Amino acid sequence: MKYVAVGNYKLPAVAVGCMGLAGAEEKQQREFVSAALDAGLNFFDHADIYGGGECESAFGRAVKALKIPRDKLVLQSKCGIVPGKMYDFSKEHIVESVNGSIRRLGTDYLDLLLLHRPDALFEPDEVAEAFDELERAGKVRAFGVSNMHPYQIELLKSRIGQAIVADQLQFSAAHAGMVSCGMEVNMLTAGAPSHDGYILDYCRLKEIAVQAWSPFRYGFFEGVFLDDPKFEKLNGVLARLGEKYGVFKSAIAAAWILRHPAKMQVITGTSKAARLLEIAAGADVVLTREEWYEVYLAAGYMLP
Ligand SMILES: NC(=O)c1ccc[n+]([C@@H]2O[C@H](COP(=O)([O-])OP(=O)(O)OC[C@H]3O[C@@H](n4cnc5c(N)ncnc54)[C@H](OP(=O)(O)O)[C@@H]3O)[C@@H](O)[C@H]2O)c1
């Protein structure tokens, strides 16, 4: 397993996303958590809103039933989205959200807290107060963001005392605008515009971990590119490289993300233990430069 330094933590490069945990039976949920830990995948990504809180609750119940000591887990959650209504980075909301997450997860603290999506009305001083209060109370040990561009992070950093250790961003072979904008520089091509203020270069410069969410999807939840005939060429290359390395296509798609020299982590979304293990095998595959570019081109991107 490849590891990534995230703040003071050394975390597995493959993180277990828990957005889909709520739908499964309790037995399946327990098996899923147990299989993840057996494979060394002890970093779990949550959010207060996943399943309306039920994903955190289900995870908490599974951990309790399995009697897993807290120090065997690294727990991350997110706050700041009030579904269908607004984004809310007020002090009150952040603190309340964390209290809810730790209660549902059955823990005393979160290892990492991420601000989920930028709130247009956010006051960095209020966020700073919330972070200080949560840190002082021992409820959160490290802080990060999600879906934020460099200036938003800089604004936040100008007021908070803590480091921002991660930015969770959508990134996959079929959603690679963060990379294409860096290669189609000064072009009028589709991949040239940066939609996120060159966040990838910023994260590299500031040593902020990039947590790739939806690593197998394209568009905004439009679908999964694995086995989708719309991505025939990409699937062909993934299958061939999978044969070469003795792993599934999903592992090659994960290895493609992890081959990037930023501090990359893959946040998986499957709720099936077998698939999780297939993906995790990708953390032991190091694609060659030629292979990395072959996947990129097969996904439909161009090289000027
Ligand atoms: N920060 C944010 O804004 C944000 C947004 C979205 C998600 N996230 C995080 O990122 C995680 C991953 O997101 P995601 O669920 O969209 O990611 P994903 O891993 O790209 O997609 C997972 C979906 O693909 C399906 N799938 C189909 N074939 C698969 C295969 N061969 N291998 C693996 N999965 C396959 C899975 O179904 P099965 O369950 O049936 O395997 C699952 O529904 C979430 O759990 C959450 O923690 C963060």
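A residue is counted as near the ligand if one of its heavy atoms lies within 4 Å of it, and the exercises below apply this cut-off to a predicted model.

**Exercise 1.** Determine how many residues surround the ligand, which of them are closest, and how the shell divides by class.

*Solution.* Begin with the count under the 4 Å cut-off, which gives 26 residues around the ligand, with D45, S214, R217, T270 and K272 as the closest. Next, sort the shell by class, which yields 11 nonpolar, 10 polar and five charged residues.

**Exercise 2.** Identify which atoms of P215, T270 and R275 lie beside oxygen atoms of the ligand, and at what distances.

*Solution.* Take the side chains to start with: a polar side-chain atom of T270 lies 2.5 Å from an oxygen atom of the ligand, and for R275 a polar side-chain atom is found 2.7 Å from a ligand oxygen. Then turn to the backbone, where an N or O atom of P215 lies 3.2 Å from an oxygen atom of the ligand. To place these contacts in context, consider the ligand's surface, of which the protein covers 87% of the 910 Å² that is accessible when the ligand is on its own.

**Exercise 3.** Work out which pocket holds the ligand, and which elements contribute to the shell and to the pocket lining.

*Solution.* The ligand sits in the largest pocket, and the elements that give two or more residues to its shell are strand 14 (264–268) and helix 10 (273–280). The pocket contains about 730 Å³ of space and is lined by 35 residues, among which F216, R217, T268, G269 and T270 lie nearest its centre. For the lining, helix 9 (249–258), strand 14 and helix 10 each supply at least two residues, and helix 10 gives the largest share, three residues.

Methods
Residues numbered from 1 in each chain as written. Predicted model: local features only at pLDDT ≥ 70, side-chain atom pairs only at ≥ 80, totals over all residues. Heavy atoms only, no water. Polar contact = N/O pair within 3.5 Å; in protein donor to acceptor, adjacent residues only side chain to side chain. Areas by Shrake-Rupley, 256 points an atom, 1.4 Å probe, with all protein chains shown as cover. 1 Å grid on protein atoms, 1.4 Å probe; cavity = no way out; pocket = protein on both sides within 12 Å on 5 of 7 lines; lining within 4 Å. Sits in = over half its atoms within 2 Å of the grid points. Helix = DSSP H or I, 4+ residues; strand = E, 2+ residues; numbered from the N terminus. Nonpolar A, V, L, I, M, F, W, Y, C, P; charged D, E, K, R; others polar. Points joined across faces, edges and corners; volume = space filled by probe spheres on them.
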